[in-house]
Amino acid sequence: MNKFIEKTEAFMELGGIRKDIAFLVLGGLSLIISLFDLIPLPFDAAWIAIILCGIPIIMEAVIGLITAFDIKADVLVSLALIASVCIGEDFAAGEVAFIMQLGALLEDLTVARARAGIEKLVHLTPRSARVITDDSEKIIPADQVAIGDRIRVFPGETVPVDGVILSGQTSINQAVMTGESLPVDKAAGDDVSSGTVNQFGAFVMRATKVGEDSSIQRMIRLVQSADAGKAKIVGLADRWATWIVVIALSAAALTWIFTDEIIRAVTILVVFCPCALVLATPTAIMAAIGNATKHGFLVREGDALERLAAVTKITFDKTGTLTCGTPKVTAVRSVSDFTEEEIYSFAAAAEQMSEHPLGKAVVHCYGRKPAACSHFQMSPGEGVTAVIEGKVVKAGNLKLLNGMMISKELAAGAGAYLKKGSTVIYIVIDEVPAGYLVLSDTLREESKDMIAALGRIGVRPVLLTGDNQHAANAIAGQLGIRDVHAGCLPEDKLDRIAAYQREGNAVCMIGDGINDAPALKMADVGIAMGGIGSDIAVDAADIALVDDEIRELPHLLSLSRRMMTTIKVNLTFSMGLNFLAIALAITGLLGPVIGALVHNAGSVLVIINSALLLNWKKK
């Protein structure tokens with residue numbers, strides 16, 4: 001029996017949507033021939049529709065009953081089909097089978113379209129890699145590349161694995177990973193991600209993440225875990241469907257007993273099929289997932305959107321989420337005869353050979369080629385020293401000024417920036433404090449508008465950060481966030497989220513770091529920054545924001561609420577239509593043929609209503 005079931009399931013999956021379309025076309029033509037008696041046949045042409053469209057439904061019902069005693073909509077549909085055939089209503093049976101198959105096809109098309117935006121990642125997975133060995137170059141399957149392998153990528157080729165460029169310059173199309181419309185220039189030392197496309201020059205890279213750890217594979221795993229069946233409200237609809245089957249059978253039996261008209265009993269079975277009820281939720285969820293995908297979100301499970309619709313508080317990590325996550329020079333000040341431009345120039349020249357992240361940030365932000373320096377020396381824990389244009393220039397922290405005379409202007413100016421949570425690099429020229437540079441983690445351009453938009457839809461933002469209170473208050477002040485909790489360790493974030501939940505709030509957590517992973521798990525909904533976020537954070541989250549464009553966050557929340565409204569409308573409509581049709585069938589005002597049309601038209605309307613979510617956007 002198990003082998004029979006497996007073979008049957010394999011047969012039913014054969015051909016997929018194309019097979020369903022072919023069966024529908026043939027079934028539809030057969031019904032037209034049957035209705036108008038266009039072609040003389042030794043049998044009713046409606047039997048073609050019954051066999052092509054009805055047999056798969058009956059087989060699905062039998063498999064469900066045998067394997068799991070699963071009583072769902074297809075059980076009642078099968079009974080309606082068989083009963084219609086038994087009383088000679090072949091056309092009604094064919095019509096039920098045809099419209100049920102049409103509803104199933106529309107659902108499949110809705111789901112396929114919803115998944116299309118993310119499943120294309122699977123097809124973009126690189127197939128091969130050009131690996132460089134000591135004496136040759138060979139092409140091997142991409143899944144056989146090892147960490148540390150050197151790989152050559154020519155123009156037009158897809159980057160096979162994650163890595164870092166060793167030599168060469170090029171532009172990379174990163175649209176598949178970040179959504180950027182313009183290519184990004186890359187050179188030696190820059191990271192490249194698998195699945196992105198090399199636009200111009202050839203380059204040699206070293207593999208750093210391969211196989212299942214690569215960026216493209218991580219995104220694919222998120223896609224494959226998207227499953228509308230996990231939503232709690234889907235389970236509720238399934239339970240309703242089971243009870244409706246029982247009620248329908250009872251109503252049909254009682255109607256037959258009291259009226260002695262079997263056609264009314266068959267009509268009840270036809271119109272009471274809970275197809276619209278069962279289709280109401282999964283189609284809405286998958287359409288909403290498709291919409292979210294187009295706005296840069298990868299939703300791991302439909303349940304996440306259901307939970308997101310109830311969120312009243314959103315807790316944000318600061319660094320890398322509301323801010324860019326990289327220090328930038330935000331101010332240059334001189335307390336000497338040197339101009340601010342000269343201070344900046346001396347600082348960049350002194351730091352150009354530094355390996356310290358802040359030193360690299362200064363050179364990067366300077367944006368021009370620094371002046372030549374000599375006698376470079378690095379003092380761990382203090383800063384760097386170099387000779388530039390005949391002057392001894394030092395750049396570093398406060399320890400660098402030990403024993404030097406510090407002016408009130410320097411102390412007051414630097415102190416003000418330090419209170420805001422910024423970092424200060426002091427510049428000393430020929431043993432005299434000459435000025436300082438201010439480095440800060442800058443706000444994302446979209447953060448302020450995003451926070452304001454959340455307030456307009458009734459969601460209160462909260463800042464949970466491990467940074468000091470000064471830095472946290474400075475960022476919160478710019479964004480208008482009133483609830484601020486600084487100096488938070490991972491367990492502190494957990495405690496804060498748990499406290500909000502005890503107060504009756506549904507909480508969403510947004511973060512990017514490994515330290516955010518516990519909070520992402522604890523929150524009702526966790527959203528990870530998929531671009532810059534750590535693998536652990538992404539794996540812990542329910543939703544990943546692929547391109548890190550947090551401006552789309554208010555849309556996601558509004559979409560989740562719209563999805564729940566659509567589901568409730570679908571459920572109410574389908575239940576109301578079912579009971580109305582039952583009343584008409586019991587009184588004899590509705591026959592099997594018209595009943596099938598009315599009921600299955602309801603299923604189609606439910607699917608169309610759900611499909612509207614694919615392109616929905618709050619005005």
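Mentor: Two strands pair if DSSP finds at least two bridges between them; strands (E, at least two residues) and helices (H or I, at least four) are DSSP runs, numbered from the N terminus. This is a predicted model, in which local features need pLDDT of at least 70 and side-chain atom pairs count only at pLDDT 80 or more, while totals for chains, interfaces and linings use all residues. Residues are numbered from 1 along each chain as its sequence is written, and side-chain values use heavy atoms, leaving out hydrogens and water.

Trainee: Thanks! In the open sheet of 3 strands, which are the edge strands?

Mentor: The order is β6-β5-β8, with antiparallel pairing. An edge strand here pairs on one side only, and that fits β6 (184-186) and β8 (197-198).

Trainee: And what is the bridge partner of Ile172 in β8?

Mentor: Strand β5 covers residues 170-173 and pairs with β8 in the antiparallel sense over 2 bridges. Follow Ile172 across to β8 and you reach Asn198.

Trainee: On to helix α16: which of its residues are exposed on the side away from the buried ones?

Mentor: Start with the buried set (under 20% relative accessible area, against over 50% for exposed and in between for partly exposed; 1.4 Å probe, protein chains only). In α16 (447-456) these are Ser447, Met450, Ile451, Ala453 and Leu454. They lie on the same side of α16 because they cover an arc of only 160° around the axis, taken from the directions from the helix axis to the C-beta atoms. On the other side, the exposed residues are Lys448, Asp449 and Arg456.

Trainee: What is the phi of Gly458 near?

Mentor: Gly458 follows α16. Its phi is positive, near 85°.

Trainee: Is His295 buried or exposed, and which residues does His295 contact beyond its neighbours within four places in sequence?

Mentor: His295 sits in the loop between α10 (275-294) and β10 (297-299). With a relative accessible area of 16%, His295 is buried. Contact means heavy atoms within 4.5 Å; leaving aside those sequence neighbours, the partners of His295 are Glu552, His555 and Lys617.

Trainee: Last one: which element of the protein chain has the lowest mean pLDDT?

Mentor: pLDDT is the predictor's confidence in each residue, from 0 to 100; the chain mean is 82, and 84% of residues reach 70 or more. Among the elements, β11 has the highest mean, 95, while the lowest, 41, belongs to helix α1 (residues 2-13).
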